[in-house]
Structure formats: C-alpha cells, structure tokens
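Here's a quick tour of one protein model, meant to be read with the coordinates open. Where do the rings pair up, where is empty space left, and which backbone spots deserve a second look?

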Amino acid sequence: MPKKSKTKSVKRQRSDGEQPTPKQSRVEQSNTPAPLCFHSPVSLFESLIHPMGTEQFFMEYWEKKPLHLKRSDSNIASYYQSLFQLSDLQSLCSQGLDYYKDINVVRCINGKKKVLNKDGRVKGSVLNKYLVQNKATIQFHQPQRFKVFILQLEGQKHWRLYSPTVPLAAEYSVESEERIGSPTHDIILEAGDVLYFPRGTIHHARTPAGVDHSTHLTLSTYQRMSWGDMLLDIFPGLLFDRSRTEVNLREGMPRGHLLGNSEGLDTSRRLVTGLRSLANEIETGLLEVRSTHMKRDFIMNRLPPYSQQHLLTPCERIPSLEDMVCLRFKDHMVITMEASQQRTDEVTELAVFVLHSLKNQREHHMMGGSDEKDEHDISRGLKFPLSHLQALRQLQKAEQLAVAQLQLPTQEAKLSLVLALWSESLLDVL
C-alpha cells in the first residue's frame with residue numbers, strides 16, 4: 001500500500017511484477033558528476049546533487065516538488081555500486097546483527113505489510129532464503145554505522161509518487177489507494193541515480209520484473225526541524241523568563257478552571273494578551289529567543305566528523321595570548337544558553353554550553369542504548385559563565401581571531417577559554 005515514510009533504511013527487494021514504462025521526464029545530466037566529497041557536510045551535499053547547484057535545488061525543489069537526477073555515466077554507477085552491495089550485508093551478519101533493531105524482513109501481501117522477522121541474531125543464509133524464495137524486502141536500519149553510502153546502489157527500482165494528502169506531513173501514515181488518485185511521477189531509478197521528494201509525498205516502490213535484486217538507501221532528513229518544532233522548543237524558556245518579571249503571569253488561574261467551571265471568564269482574551277506581550281518583546285529585542293532542546297538533540301544525534309582520527313585530537317601547539325586561533329568543526333558545534341543547575345532548590349542561573357559531536361560513536365548512531373545521554377549531560381562539550389557568550393560568538397563568526405581580541409575582562413579569562421576549547425579539539429592555533 002502506498003505510504004508516507006520517515007525511515008532511514010536500505011531496502012533490497014525481489015521482483016514480483018511487470019516492469020512499467022516511465023511516464024515523467026527526468027532531469028538529464030550532460031556532464032560527469034564529481035565524486036562524493038566528504039570534506040564537510042556542505043561539500044557532500046553539493047557533490048550529491050551535482051550538477052545542479054544548491055541555490056537552484058532549494059529554490060525550486062526543496063519542500064516543493066520531486067526531483068530525479070539521472071546518472072547515465074557507467075563509471076558513476078559503478079562507483080555507487082562499490083559503496084555497498086548485497087554481499088556486504090551478508091558479510092555484516094557475522095558482526096552480530098539483530099532482527100528488529102538492525103534488520104526488518106517484510107512482504108507486501110494484499111496491500112498490507114507483513115513482518116517476517118525471527119527472534120535473535122540474523123543469519124546470512126536465512127536472509128538469502130527470504131530474498132530468493134519469499135521475494136521479501138530486507139530493510140537494514142541506520143547503515144551509516146558500518147558504511148558510508150547513499151542513493152540507488154544496485155539494480156533498478158520503480159517508484160510511483162503521489163500528491164500528499166497532508167503537505168510536509170510530520171507523522172508516518174498509510175493511505176488507501178482510493179484516496180491518493182493517480183501518480184504524479186512514474187520513475188525507474190537506476191544505479192547512481194538520486195531521487196528527492198518532499199516530506200509527506202506518498203510513494204510506492206517495487207523492483208521491476210527481470211531485475212534480480214535492488215539495493216537503495218532512503219535518506220530521511222530535516223525531521224522535527226519546522227517552525228512549529230522551534231516554537232515548541234523556545235516557548236517554555238520565553239515564558240519562564242517573562243514570568244520572572246511579569247506578575248500577571250504568576251497569578252493563579254480562576255478556581256475550577258481545569259474542571260471546566262470557567263463560564264463567563266474571558267480566558268482566550270487573557271491568553272492572547274499575554275502572547276501579544278511576548279511577541280512585542282521578542283520583536284523589540286527585550287526577550288532573547290533561545291533554542292535549547294533542538295540544538296542538543298541535533299548534536300546528540302549527529303555523526304562525528306568524517307575525518308582522520310588524528311584530527312579529532314588537540315593540535316600540537318598549545319594556545320597562548322599572542323596567538324591567532326580559529327574554531328575547528330564549526331558544522332559539528334552549537335552554542336546554547338540555558339539553566340546551569342538541575343536541583344529545583346537552587347537559584348536558577350544561566351550558563352553557556354558549547355556542545356559538539358566529535359565524541360559521538362558511529363557504531364551507536366541513532367540506535368539508542370549506550371550512546372543515549374541525559375539532556376543535561378555535558379560529556380559532549382563545555383560549560384562557561386554567561387560572561388563568555390560574546391567571546392564565543394566572536395570565535396564562531398570569525399575565520400581567525402587574535403586571543404588578545406576576545407571580549408573578556410581579563411587575560412586569564414581569555415587564556416582559560418581558548419585552552420578549554422583546545423582541549424576538546426575545537427580550536428586550531430594558526
């Protein structure tokens with residue numbers, strides 16, 4: 001049954017139907033695309049959608065409509081095929097993969113998904129039996145723990161895309177075929193191709209007849225990153241800050257309000273007045289908008305830098321007051337301002353936290369368990385007094401900066417800041 005999906009997984013599916021004829025035109029490539037570039041998240045994305053530029057992609061396609069980039073060059077197809085193959089999955093079974101956590105085996109029967117998982121560890125011979133005899137789809141969860149790979153990797157996959165019933169849907173759902181109408185795109189995806197479609201696009205995929213098996217990766221991105229998610233994140237802090245100075249927000253609600261005994265009370269007007277006051281203070285800069293939980297979640301669930309291990313250790317030179325310095329791995333670091341204590345019987349004070357993903361473990365990425373941290377755990381970063389915020393923002397914005405120019409009151413504070421960042425491998429001495 002067509003579905004809206006939010007999972008990140010590799011799927012291998014046996015053929016069990018007729019091979020359709022593509023109905024929609026595709027974006028053809030006239031030049032050989034550059035190899036994938038892992039120097040930074042930005043360069044990787046640029047090489048992923050080459051030859052289309054990022055400006056054109058975000059202006060014309062992002063959250064608007066699907067895009068199929070056709071990779072016709074056989075060398076590029078071979079490159080992507082070499083990143084991960086069916087034989088790789090079978091060999092990974094010897095490393096201890098589990099059903100449900102690592103692998104799902106499913107079949108679509110009469111429009112409904114049936115899970116064929118067993119209990120315990122996955123055996124390569126059993127997976128092969130599912131693939132050959134049962135014509136099943138094998139979903140390999142969070143494969144970035146073992147490889148770095150993307151796109152259509154082997155074989156072909158026939159995709160039908162339908163207009164979403166809920167544009168940019170935030171939740172997974174299954175829609176009946178009667179509701180979705182005719183497909184808007186009918187595409188054959190081949191090795192090396194890239195297919196993008198906005199969140200919420202209803203889609204149905206199957207392996208064409210005559211194709212032995214198909215291997216592709218679904219990259220689900222920008223989940224829980226909407227304006228609504230940001231409002232959910234910032235509002236508790238905004239209300240907390242405002243309540244400290246606004247007595248009206250500290251007054252008790254009418255008696256019996258939670259029991260529904262509030263007839264005749266203009267509750268809506270009271271709430272609207274408070275919200276308008278908040279909006280005015282944000283607009284005039286009297287209240288600072290602080291996104292905390294989203295930043296922490298982003299860093300906790302981010303892969304470590306794609307880099308040589310020696311670059312994840314402090315550089316050889318220890319910074320001094322006379323040095324020029326710059327931040328390392330800016331794409332893997334965020335600065336938050338939040339409450340510095342966890343006990344409710346203490347006075348709440350704000351502190352600055354520098355959080356980073358350098359110590360995140362690839363083998364546990366997005367899998368929970370041993371890599372999960374409490375939201376107040378600072379093992380991924382550093383804590384500073386609020387007085388250090390401006391100096392940290394200086395370093396964040398500058399390509400390079402003299403330690404002596406940091407906006408801190410004493411030489412000791414300047415040196416202490418750069419030494420702390422250096423010890424976390426976040427600072428280079430130029």
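## Overall build

In the protein chain, 76% of the contacts between residues at least 6 apart in sequence join residues at least 24 apart. Keep in mind that this is a predicted model. The protein chain has 11 helices and 20 strands. It runs to 430 residues, and 42% of them count as buried. As for the outside, the chain exposes about 24000 Å², with carbon and sulfur atoms supplying 51% of that area.

## Rings and charges

A pair of aromatic rings is described by the distance of the centres and the angle of the planes. There are 8 aromatic pairs in the structure. One of them is F57 with Y196, an edge-to-face pair at 5.0 Å centre to centre with 75° between the planes. F57 belongs to helix α2 (residues 54–60) and Y196 to strand β12 (residues 194–196), so this pair ties together parts that are 139 residues apart in sequence. Are these two partners buried or exposed? F57 is buried at 3% relative accessibility, and Y196 is buried too, with a relative accessible area of 14%.

Next along is the pair of W159 and F197. Their ring centres sit 6.0 Å apart with the planes at 55°, so this pair counts as tilted. Here too the pair links distant parts of the chain, 38 residues apart: W159 is in strand β9 (residues 156–162), while F197 is in the loop between β12 and β13 (202–206). W159 is buried at 7% relative accessible area, whereas F197 counts as partly exposed at 21% relative accessibility. That label follows because buried means under 20% relative accessible area.

Back to F57 and Y196: together with F45, F58 and W62, they form one aromatic cluster.

Two charged side chains also sit over rings, as listed here.

| Charged residue | Ring | Distance to ring centre |
|---|---|---|
| K65 | Y61 | 5.1 Å |
| R296 | F353 | 5.2 Å |

## Pockets and cavities

Rolling a probe the size of a water molecule over the atoms shows where empty space is left. The second largest pocket has a volume of about 660 Å³. It is lined by 20 residues, and N248, L249, T267, R270 and L271 are the closest to its centre. Which element gives the largest share of that lining? The answer is α8, with 8 residues. Both α7 (227–243) and α8 (267–283) supply at least two lining residues each.

As for enclosed space, the structure holds 2 cavities of 30 Å³ or more. The second largest cavity contains about 30 Å³ of space. Around that cavity you'll find L86, L89, Q90, L127, N128, L131 and I138. The elements giving two or more residues to this lining are α4 (86–92) and α5.

Just past α5, have a look at K135, in the loop between α5 (124–133) and β7 (137–141). K135 is partly exposed, with 39% relative accessibility. Its C-alpha atom is separated by 9.9 Å from that of C108, and the two residues are 27 apart along the chain.

## How α10 packs

Helix α10 (residues 389–397) has L389, A391, L392, Q394 and L395 as its buried residues. What do these residues pack against? The list takes in the strands β15 (324–327), β16 (333–339), β17 (350–356), β18 (381–385) and β19 (401–402), plus helix α11 (411–423).

## Backbone spots to check

Most residues other than glycine have a negative phi, and most peptide bonds are trans. A few places here go the other way. The peptide bond from H50 to P51 is cis, with omega near 10°. P51 itself lies in the loop between α1 (41–48) and α2.

F329 isn't a glycine, yet it has a positive phi of about 55°. You'll find F329 in the loop between β15 and β16, two strands that are also on the packing list for α10. S425, not a glycine either, has a positive phi of about 65°. S425 is in the loop between α11 and β20 (427–429), and it is buried, with a relative accessible area of 3%.

Technical notes:
Residues numbered from 1 in each chain as written. Predicted model: local features only at pLDDT ≥ 70, side-chain atom pairs only at ≥ 80, totals over all residues. Heavy atoms only, no water. Phe/Tyr/Trp six-rings, centres within 6.5 Å; stacked < 30°, edge-to-face > 60°. Helix = DSSP H or I, 4+ residues; strand = E, 2+ residues; numbered from the N terminus. Buried < 20%, exposed > 50% of the residue type's maximum accessible area, 1.4 Å probe, protein only. Lys NZ or Arg CZ within 6 Å of the ring centre and 35° of its normal. Contact = heavy atoms within 4.5 Å. Areas by Shrake-Rupley, 256 points an atom, 1.4 Å probe, with all protein chains shown as cover. 1 Å grid on protein atoms, 1.4 Å probe; cavity = no way out; pocket = protein on both sides within 12 Å on 5 of 7 lines; lining within 4 Å. Points joined across faces, edges and corners; volume = space filled by probe spheres on them.
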